[in-house]
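Reader: I would like to learn how to read a few features from a set of coordinates. Please take them one at a time, with the general idea before the case.

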Amino acid sequence: MNFSPQKKTSNFILLIASFVIVSLILWNTNSFFKKFKEEERHKMEIWATAHSELLQAPLDADPGELPIKIFQNNTSTPMILVDKDGSTKVHNIPKERAKDSVYIQKAIETFTIENSPIVIDYLGEELATLYYGNSEVLNRLKYYPLALLLIIFLFATVIFFFFKTNKASEQNKLWAGMAKETAHQIGTPLSSLLGWNELLKAENINPEITREIEKDISRLETITERFSKIGSLPNLEKHDIVAQTKNAFDYLKLRSSKLVDFSFDSHIKETAVLLNPSLFQWTIENLVKNGIDAMRGKGKIGIEIAKDNNYVHIKVSDSGHGIPRSDYQTIFNPGVTSKKRGWGLGLSLVKRIVEEYHNGKVKVYASGKQGTIMQVSLQIVA
């Protein structure tokens with residue numbers, strides 16, 4: 001996808017701004033978390049002081065309202081108080097859990113990791129140790145930055161795919177419009193060529209010449225038909241895949257360099273598949289021409305047809321330089337080409353014709369120093 005320098009700059013600024021905003025939100029959330037944790041620590045220290053005073057007060061003395069209010073107000077922070085004799089008291093922990101000694105021991109270990117224990121003493125004498133965990137609010141707040149990042153990521157993903165799909169849709173419409181306009185433009189000189197060929201026949205020109213002209217006119221009509229079908233779903237009918245492949249192969253063989261050695265091998269006889277002959281032959285031609293380009297106009301091109309279960313496989317091989325394994329998928333993307341000249345649309349069209357129009361499959365079957373084998377797979381119909 002190509003962008004202008006202004007577009008790239010604005011996208012970069014937007015990306016930096018988004019990063020700064022997210023960083024500020026995360027920093028602010030982290031600061032708030034730490035401050036909340038400090039406040040909770042302070043509250044626990046007050047609770048421990050109140051408990052220390054209550055332990056040292058005479059049994060018949062009035063503890064006063066303040067310690068009691070401190071104890072009553074703390075209803076969210078889970079606590080475990082371990083006296084110097086080893087006995088434990090729990091606060092804000094479910095009753096069924098409070099009786100489970102294994103759970104209490106694990107909770108003490110967890111609370112120690114979350115917060116440093118508070119030692120309750122009086123005049124230097126250690127009376128008890130208070131272990132406390134994070135409150136429910138603090139635990140929820142801890143996951144808030146992750147939730148925020150996830151929401152931002154999902155939002156950015158939706159925006160990205162929206163613009164990507166929108167851009168791809170615009171490009172598809174543009175290419176479809178250009179293809180149809182090309183077909184329309186070819187139509188006018190094609191009609192003139194038909195007329196001129198009829199005049200040549202009337203002048204008793206060598207029939208071989210007019211027959212070859214008719215073949216090329218027929219070829220131009222086929223090309224016009226192909227371009228006119230881009231952007232719309234073609235009609236698929238039952239055709240013999242062997243015959244259709246052979247027709248495309250023979251046409252290219254007659255019009256290619258003598259330096260290219262062509263071979264055709266079919267392991268099956270007449271086999272019917274649903275296809276559009278014009279578009280399918282275009283697929284074969286693109287694959288063969290790609291192979292010839294990879295060989296730099298000299299080498300071996302072969303087509304092999306075989307059947308496997310309900311699929312027929314057409315393998316187009318060449319003796320070119322091969323394709324790196326890392327490029328097996330990207331070569332089908334529009335604009336990807338290893339040639340100095342070319343638009344990189346050949347294999348992209350092949351993929352679209354085979355997979356979108358014919359519900360088939362196309363892939364790099366094998367590639368190496370000995371050459372490349374491309375495979376087209378189509379489903380057989382009864």
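Reader: Is strand β9 largely enclosed or open, and how many of its residues are buried?

Author: This is a predicted model. A residue is called buried when its relative accessible area is under 20%. In β9, which covers residues 311–318, six of the eight residues are buried, so the strand is largely enclosed by the rest of the structure.

Reader: Which strands are joined to β9?

Author: Strand pairing is read from bridges. Eight bridges join β9 to β8 (residues 299–308), and the two run antiparallel. Another eight bridges join β9 to β11 (residues 371–379), again in an antiparallel arrangement.

Reader: Which residues stand opposite each other in these pairs?

Author: In a regular strand the side chains alternate between the two faces of the sheet. In the pairing with β8, V316 of β9 stands opposite I303. On the β11 side, S317 stands opposite I373.

Reader: What is found between the strands in the hairpin of β8 and β9?

Author: Two residues lie between the strands, and N309 takes a positive phi near 55 degrees in this hairpin.

Reader: Where in the chain is confidence highest, and where is it lowest?

Author: Confidence is read as pLDDT, which runs from 0 to 100. The highest mean, 96, belongs to β9, and the lowest, 67, to helix α2 (residues 65–73). Over the chain the mean pLDDT is 80, with 82% of residues at 70 or more.

Reader: Now a helix. What span should α4 have, and how far apart are its end C-alpha atoms?

Author: The check is a rise of 1.5 Å a residue. Helix α4 (residues 101–114) has 14 residues and should therefore span 20 Å; its end C-alpha atoms are 20 Å apart, which agrees.

Reader: Which residues of α4 are buried, and which are exposed?

Author: The buried ones include I104, A107, I108 and F111. Seen down the helix axis, the buried residues of α4 fall within an arc of 105 degrees, so they line one face of the helix. V102, K106 and I113, on the other side, are exposed.

Reader: What do the buried residues of α4 pack against?

Author: They pack against strands β1 (79–83), β2 (88–91) and β4 (125–132), and against helix α3 (95–98).

Reader: Which residue caps the N-terminal end of α4?

Author: A cap is read from a side-chain atom placed by a backbone atom at the helix end. Here the residue is D100, with a side-chain oxygen 3.1 Å from the backbone nitrogen of V102.

Reader: Strand β4 came up in the packing. Is T129 buried or exposed?

Author: T129, found in β4, has a relative accessible area of 11% and is buried. Leaving aside neighbours within four places in sequence, T129 is in contact with I80, L81, V82, P117 and I118.

Reader: How should I read a contact between residues far apart along the chain, and which residues is V22 in contact with?

Author: Compare sequence separation with distance in space. V22, in helix α1 (residues 5–56), is buried, with a relative accessible area of 18%. Beyond its neighbours within four places in sequence, V22 is in contact with L149 and I152. I152 is 130 residues from V22 along the chain, yet their C-alpha atoms are separated by 8.4 Å.

Reader: What share of the contacts in the chain do residues 24 or more positions apart account for?

Author: Among contacts with a separation of 6 or more, their share is 68%. The chain has 382 residues, of which 31% are buried, and its secondary structure comes to 10 helices and 11 strands.

Conventions:
Residues are numbered from 1 along each chain as its sequence is written. Side-chain values use heavy atoms; hydrogens and water are left out. Buried means under 20% relative accessible area, exposed over 50%, partly exposed in between (1.4 Å probe, protein chains only). Helices (H or I, at least four residues) and strands (E, at least two) are DSSP runs, numbered from the N terminus. Two strands pair if DSSP finds at least two bridges between them. Contact means heavy atoms within 4.5 Å. pLDDT is the predictor's confidence in each residue, from 0 to 100. The expected span of a helix is 1.5 Å times one less than its number of residues. The arc is that of the directions from the helix axis to the C-beta atoms. A polar contact is a pair of N or O atoms within 3.5 Å; within protein, one must be able to donate a hydrogen and the other to accept it, and residues adjacent in sequence count only if both atoms are side-chain atoms.
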